[in-house]
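Me: I should like to work through the charged side chains of a protein model, one step at a time. May we begin once the model is displayed?

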Amino acid sequence: ANPRASRTVPYVSKALGIPMAKVATRCILGQSLQQQGAKEPILDHVAVKAPVFPFLKLPGVDSILGPEMKSTGEVLGIDHSLHLAYAKAMEAAGMRLPDAGAVYMSVRDEDKQKFLSLAKDLVEAGFTVYATTGTAQYFREFGVPVETAWRITEKRSPDAIDLMRKGEIKLIFNTPTMSRGAKRDGAMMRRLAVELGIPFLTTTAAATAAVSAIRAKRTGTVETLPLKSYHS
């Protein structure tokens, strides 16, 4: 963690229910934690921080992430359930996870086994899963029914871009590969996903969290509560 005062301190303060800047300032001025009556917080909730990116306001910019900082803000999702807290954070960041529709998957060979269970969970939840040729073939070998979405370079229909423009794709999982065609497809999909407001996730961890959040939303209730209700 890189604890910037402008971002991390406010987040931690809201998550813990403690005005960290005020407490720290009083410590600097010589007032101990004991004198301030500070107590270790007991939490029965989970707080999830999600970045907010400016890509929609930057036409033509590829939304792929790297080591440099690209986010222009952050949001807080808080709930008694980790999965619902994640769902709230994603929605607050402008990437609302879908309740129905189609999900598109294009993943590296080394990630296919990890995404197999996610595809199965989505199909069982009533989603249609589209995948590139190799990914679709792998999933079918393990009994997961998926539809094939061709790469743009394969010049066959339907491809991911067509499905996105028709409004069918509601969520995209794409672990980038270094092949020329895959890189080109990925860049076009990421740009269009930004313009259409489609959640686009590029890591196994994020995809796993998203599927868990979708399942939690189906069985739980997403409530918007005042922050103080989590610290009373």
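Me: Is E91 buried, partly exposed or exposed in this predicted model?
Reply: In this predicted model, the relative accessibility of E91 is 42%. Buried residues lie under 20% and exposed ones over 50%. Because 42% falls in between, E91 is partly exposed.

Me: Which residue forms a salt bridge with E91?
Reply: Side chains of opposite charge can pair when their charged atoms come close. The closest N and O atoms of this pair are 3.7 Å apart, and the cut-off is 4 Å. The partner of E91 is therefore R96.

Me: Which residues are linked with E91 and R96 in a network of salt bridges?
Reply: R96 is partly exposed, with a relative accessible area of 43%. The network of salt bridges that holds E91 and R96 also takes in two further names, D99 and K217.

Me: How many residues apart are E74 and K49?
Reply: The side chains of E74 and K49 meet in a salt bridge, at 3.7 Å from N to O. This pair links distant parts of the chain, with E74 in strand β2 (residues 73–79) and K49 in strand β1 (residues 46–52). Their separation along the chain is 25 residues.

Me: Is E110, which forms a salt bridge with R108, buried or exposed?
Reply: The closest N and O atoms of R108 and E110 are 3.9 Å apart. R108 is partly exposed, at 31% relative accessibility. E110 has 54%, and the cut-off is over 50%, so E110 counts as exposed.

Definitions and conventions:
Residues are numbered from 1 along each chain as its sequence is written. This is a predicted model: local features need pLDDT of at least 70, side-chain atom pairs count only at pLDDT 80 or more; totals for chains, interfaces and linings use all residues. Side-chain values use heavy atoms; hydrogens and water are left out. Helices (H or I, at least four residues) and strands (E, at least two) are DSSP runs, numbered from the N terminus. Buried means under 20% relative accessible area, exposed over 50%, partly exposed in between (1.4 Å probe, protein chains only).
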